Amino acid sequence: TSSDDSLIFRNPSSSGTDSAFLLQLDQLASGIIALDINGSNTTADIVDIAGSSLTTGSALIATGPTSTGVTDHFVKLTSDVGSAAALIYGAPDFSGSAVTGYGLNITATDSTANANTDYGVYSNLALTGDAAKTGIGLYSSDNSSSTTASNIIALDLTTANHGNNSS
């Protein structure tokens with residue numbers, strides 16, 4: 001009918017199901033997309049995850065291979081970004097009491113015996129075309145209106161080498 005335009009999945013009770021998930025998609029064929037979402041939305045969000053009661057869990061977890069390694073990008077984001085917009089936007093609220101919080105936390109490791117080149121954060125900004133541009137690879141604006149003593153640090157770098165130092 002004309003009112004049948006949504007799929008709604010609900011746990012059978014407030015205590016939830018006896019399995020670990022409400023919906024599981026198990027794509028067994030390799031080389032095939034498991035979930036493809038196409039939205040013609042112009043002003044409404046295409047995917048909305050609400051977890052207002054979430055405390056110690058995560059809103060989204062993506063786990064890749066642990067032995068071979070990903071040979072393509074694990075997460076790809078591509079878009080033409082308009083004025084005053086951002087490809088990735090985060091608005092963390094650090095209003096807890098005496099907490100240490102991270103707006104962005106990247107914890108990378110390399111425990112191999114290989115001569116790898118590892119980047120914790122890599123940025124490449126290519127400016128082309130005949131126009132006067134301002135290119136900033138990394139920008140930070142830190143300020144405080146606190147009336148008590150504060151430490152404001154725009155960039156804090158630490159390097160430790162506990163082996164053969166070649167430079």
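Here are some short exercises on this predicted model, each with a worked solution.

**Exercise 1. Overall dimensions**

Task: Work out how the radius of gyration of the protein compares with that of a compact globule of 167 residues.

Solution:
- Start with the reference value: a compact globule with 167 residues would come out near 15 Å.
- Now take the protein itself, which has 23 Å.
- For the extents, look at the C-alpha trace: along the principal axes it spans about 65 × 50 × 50 Å.

**Exercise 2. Secondary structure and long-range contacts**

Task: Find how many helices and strands the protein has, and what share of its contacts with a separation of 6 or more comes from residues 24 or more positions apart.

Solution:
- Tally the secondary structure, and you get zero helices and zero strands.
- Next, keep the contacts with a separation of 6 or more; residues 24 or more positions apart account for 0% of them.
- Two C-alpha pairs make handy spot checks. Leu77 and Asn38 sit 39 residues apart along the chain, with 15 Å between their C-alpha atoms.
- Leu87 and Asn41 are 46 residues apart in the chain, and their C-alpha atoms are separated by 17 Å.

**Exercise 3. Burial and surface**

Task: What percentage of the 167 residues counts as buried, and how much area does the protein expose?

Solution:
- Buried residues make up 1% of the 167.
- The exposed area is about 16700 Å², and carbon and sulfur atoms supply 49% of that.
- Now for the nonpolar side: a surface patch includes Leu7, Phe9, Ile37 and Leu60 among its members, and the patch as a whole has about 1200 Å² of accessible area.
- Pick out Leu60 from that patch: its relative accessibility is 68%, so it counts as exposed, the cut-off being over 50%.

**Exercise 4. The salt bridge**

Task: Which side chains meet in a salt bridge, and are the two partners exposed or partly exposed?

Solution:
- The count comes to one salt bridge.
- Its partners are Asp72 and Lys76, with an N to O distance of 3.0 Å.
- Asp72 is partly exposed, with a relative accessible area of 44%.
- Lys76 is at 52% relative accessibility, so it counts as exposed.

**Exercise 5. Around Leu77 and Leu87**

Task: Leaving aside neighbours within four places in sequence, which residues is Leu87 in contact with?

Solution:
- With those neighbours set aside, the list for Leu87 is Leu77, Thr78, Ser79 and Val81.
- Swap viewpoint to Leu77: not counting residues up to four places away, Leu77 touches Leu87 and Ile88.
- Then check accessibility. Leu87 is at 43%, which counts as partly exposed, and Leu77 at 46% is also partly exposed.

**Exercise 6. Positive phi**

Task: Find what phi values Ala84 and Ala98 take.

Solution:
- Ala84 has phi near 65°, which is positive in a residue other than glycine.
- Ala98 has a positive phi too, near 55°.
- As for accessibility, Ala84 is exposed at 86% relative accessible area, and Ala98 is exposed at 82%.

**Exercise 7. Ser140**

Task: Which side chain does the side chain of Ser140 join in a polar contact, and how far is the C-alpha atom of Ser140 from that of Leu155?

Solution:
- The polar partner is the side chain of Asp142, at 3.1 Å.
- Leu155 lies 15 residues away along the chain, and the C-alpha separation from Ser140 is 8.1 Å.
- With a relative accessible area of 40%, Ser140 is partly exposed.

Conventions: Residues numbered from 1 in each chain as written. Predicted model: local features only at pLDDT ≥ 70, side-chain atom pairs only at ≥ 80, totals over all residues. Heavy atoms only, no water. Salt bridge = Lys/Arg side-chain N within 4 Å of Asp/Glu carboxyl O. Buried < 20%, exposed > 50% of the residue type's maximum accessible area, 1.4 Å probe, protein only. Helix = DSSP H or I, 4+ residues; strand = E, 2+ residues; numbered from the N terminus. Rg over C-alpha atoms; globule rule 2.2 N^0.38 Å. Contact = heavy atoms within 4.5 Å. Areas by Shrake-Rupley, 256 points an atom, 1.4 Å probe, with all protein chains shown as cover. Polar contact = N/O pair within 3.5 Å; in protein donor to acceptor, adjacent residues only side chain to side chain. Patch = residues over 30% accessible without salt bridge, like charges linked within 9 Å, V, L, I, M, F, W, Y side chains within 5 Å.
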